[in-house]
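Open the model in a viewer and keep the sequence panel visible. The stops below go from the whole chain to a single residue.

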Amino acid sequence: MDSANQDINLNSPNKGLVSEGIRDVPVEGAMGTTEPVGLTEEEAEEMKIELAKVEDEIITLRQVLAAKERHASEIKRKLGLTPLNELKQNLTKSWQDVQTSSAYLSASATVDEITQSHAYKKTQETLAQAGQKTSAALNTVGSAISRKFGDMRNSATFKSFEDRVGSIKSKVIGGKENGEEVHSPTEEKPMQDKAPF
């Protein structure tokens, strides 16, 4: 790229990449000159030098900032200030800010006015009475069901059923209660030692 009038290849694989060599290539202005309008060649050169210095300072400041951020995070880690703790502190501070904000105070006053209103108190009383009546009704239903189960358990049908279950249980368990060994129905009975001879 020795000439300022050379065409740039837009199909190049390096399109959009800026290299150090391209930075200093003069770009033609609208008037066809390489210097900015109203500046001499010396002024333009001084501005380019100043721009390079400012860009170098920006790079240095970014490096310093990154080092300071690393140092700050190291200090926070040593102090036990984890990101979670910082988040909790931020949320607490934000909640305190919300509570002292005029919008929150206004809304709080409105809620206080509503809770003191006649309609609110009437609704609250009605709901409390409905809850008490519902509780009483459920207690009555529970008592009735318990009584019915008690009556059913004392009935002849249930006693007959209970006796049958008991007899099946004793047949399955057998003499276990009497200290005898219980064998499963699939277990073969051991041969008797007393032979007839």
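This tour covers the overall fold, the confidence, and then one surface patch.

**Whole chain.** Select everything and show it as a cartoon. The model is predicted. The protein contains 6 helices and 0 strands, so-called α-α-α-α-α-α when read along the sequence. Switch to a surface: the accessible area is about 18,500 Å², and carbon and sulfur atoms account for 58% of that area. Of the 197 residues in the protein, 1% are buried.

**Confidence.** Colour by pLDDT. The mean for the protein is 77, with 70% of residues at 70 or more. Where is confidence highest, and where is it lowest? Select residues 41-79, helix H2, for the highest mean, 94; then select residues 20-23, helix H1, for the lowest, 47. Next, go to residues 1-7, where pLDDT is below 50 and the model has 5 contacts beyond near neighbours in sequence. Residues 15-22 also stay under 50, and this stretch has 2 contacts beyond four places in sequence. Where pLDDT is low, the predicted coordinates should not be read in detail.

**Surface patch.** Select Trp-95, Val-98, Tyr-104 and Leu-105 and show their side chains. Together they make a nonpolar surface patch of about 380 Å². Helix H3 (83-100) and helix H4 (102-116) each contribute at least two of the patch residues.

**One residue in the patch.** Centre on Val-98, which lies in helix H3. Is Val-98 buried or partly exposed? Val-98 counts as partly exposed because its relative accessible area is 38%, between the 20% limit for buried and the 50% limit for exposed.

Technical notes:
Residues are numbered from 1 along each chain as its sequence is written. This is a predicted model: local features need pLDDT of at least 70, side-chain atom pairs count only at pLDDT 80 or more; totals for chains, interfaces and linings use all residues. Side-chain values use heavy atoms; hydrogens and water are left out. Patches are made of residues with over 30% relative accessible area and no salt bridge: like charges are joined within 9 Å, nonpolar side chains (Val, Leu, Ile, Met, Phe, Trp, Tyr) within 5 Å. Accessible areas come from the Shrake-Rupley method with a 1.4 Å probe; for residues, only the protein chains shown count as cover. A salt bridge is a side-chain nitrogen of Lys or Arg within 4 Å of a carboxyl oxygen of Asp or Glu. Helices (H or I, at least four residues) and strands (E, at least two) are DSSP runs, numbered from the N terminus. Buried means under 20% relative accessible area, exposed over 50%, partly exposed in between (1.4 Å probe, protein chains only). pLDDT is the predictor's confidence in each residue, from 0 to 100. Contact means heavy atoms within 4.5 Å.
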